[in-house]
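This report goes through one protein model, beginning with a strand pairing and moving on to aromatic contacts and a helix. The sequence and structure come before the text.

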Amino acid sequence: MSKVIEVISDTHTSSAELRQKAGRAMLDLVGGDMCASYEWSPVSKEFKDGISINMSANHVDRYLSHFQYRNSERMQYVLGRPGARLVSDVISHDDLQNSEIYTELLRPEGHKFGINLTVLMGRLIWQTCAFGALADPVIFRKVM
């Protein structure tokens, strides 16, 4: 956890650099396999400036151009509650597995389980860490 705090406390040249470094630190902390992060624009009311770690090159572009506009009610719920939560706290695993975003975007990347982390640092940043295999979610809850 100290590495995550150290990364967040450092000076960064851009939001993308901060999110890239924080994403790597979060993956190390929770034993995650992949990460995507987006910055929320309150003006355009959409995510922008996506970064990804250990994911295909077009993952971010596909999310930004299409998938961020799906299930907007669920996303408003997540955005309204900064902090860490398991994806299953927002949508049941069964419902997620049957959703468009899972079958067309997440599953092909190897996502099985995930954590959403919403951070408010002058602007809203959404960070997601995902796991290819079942990780112990209790670890994350204890650390946060």
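## Strand pairing and overall layout

Ser37 sits opposite Ile51, a residue of strand 2. The model that shows this is a predicted one. Strand 1 and strand 2 run antiparallel, and six bridges join them. The two strands make a hairpin, with four residues between them. In that turn, Lys45 has a positive phi of about 55°.

Strand 1 covers residues 34–41. Eight of its eight residues are buried, so the strand is mostly covered, where buried means under 20% relative accessible area. Met34, Ala36, Tyr38 and Trp40 point one way from strand 1. Cys35, Ser37, Glu39 and Ser41 point the other way, and these are buried as well.

For the protein as a whole, there are seven helices and five strands. Along the sequence they follow the pattern α-α-β-β-α-α-β-α-α-β-β-α. The protein has 144 residues, of which 42% count as buried. It exposes about 7,800 Å², and carbon and sulfur atoms supply 51% of that area. Taking contacts between residues at least 6 apart in sequence, 53% join residues at least 24 apart.

## Aromatic residues

How many aromatic pairs does a search of the whole structure find? The search finds three. In one of them, the ring centres of Phe47 and Tyr63 are 6.3 Å apart and the planes are at 55°, so this pair is tilted. The pair links distant parts of the chain, with Phe47 in strand 2 (residues 46–53) and Tyr63 in helix 3 (residues 59–65), 16 residues apart. Phe47 and Tyr63 also belong to one aromatic cluster together with Tyr38. Tyr38 is among the buried residues of strand 1.

Relative accessibility is listed below for Phe47, Tyr63 and Ile101; the last of these belongs to helix 6.

| Residue | Relative accessibility | Class |
|---|---|---|
| Phe47 | 3% | buried |
| Tyr63 | 4% | buried |
| Ile101 | 19% | buried |

The cut-off for buried is under 20%, so Ile101, with a relative accessible area of 19%, still counts as buried.

## Helix 6

Helix 6 spans residues 100–109, and its buried residues are Ile101, Tyr102, Leu105, Leu106 and Glu109. Why do they lie on the same side of helix 6? They cover an arc of only 120° around the axis, which puts them on that same side. What covers these buried residues includes strand 1, helix 3 and helix 5 (93–97). Just after helix 6, Gly110 takes a positive phi of about 100°.

Ile101 lies in this helix. Leaving out residues up to four places away in sequence, Ile101 touches Tyr63, Phe67, Leu96 and Leu106. Tyr63, one of these contacts, is the helix 3 member of the tilted pair with Phe47. The C-alpha atoms of Ile101 and His66 are separated by 9.5 Å, and the two residues are 35 apart along the chain.

Tyr63 thus appears in two settings: it belongs to the aromatic cluster with Tyr38 and Phe47, and Ile101 of helix 6 touches it.

Note on methods: Residues are numbered from 1 along each chain as its sequence is written. This is a predicted model: local features need pLDDT of at least 70, side-chain atom pairs count only at pLDDT 80 or more; totals for chains, interfaces and linings use all residues. Side-chain values use heavy atoms; hydrogens and water are left out. Buried means under 20% relative accessible area, exposed over 50%, partly exposed in between (1.4 Å probe, protein chains only). Contact means heavy atoms within 4.5 Å. Accessible areas come from the Shrake-Rupley method with a 1.4 Å probe; for residues, only the protein chains shown count as cover. Rings of Phe, Tyr and Trp (its six-membered ring) pair if their centres lie within 6.5 Å; planes under 30 degrees apart count as stacked, over 60 as edge-to-face and the rest as tilted. The arc is that of the directions from the helix axis to the C-beta atoms. Two strands pair if DSSP finds at least two bridges between them.
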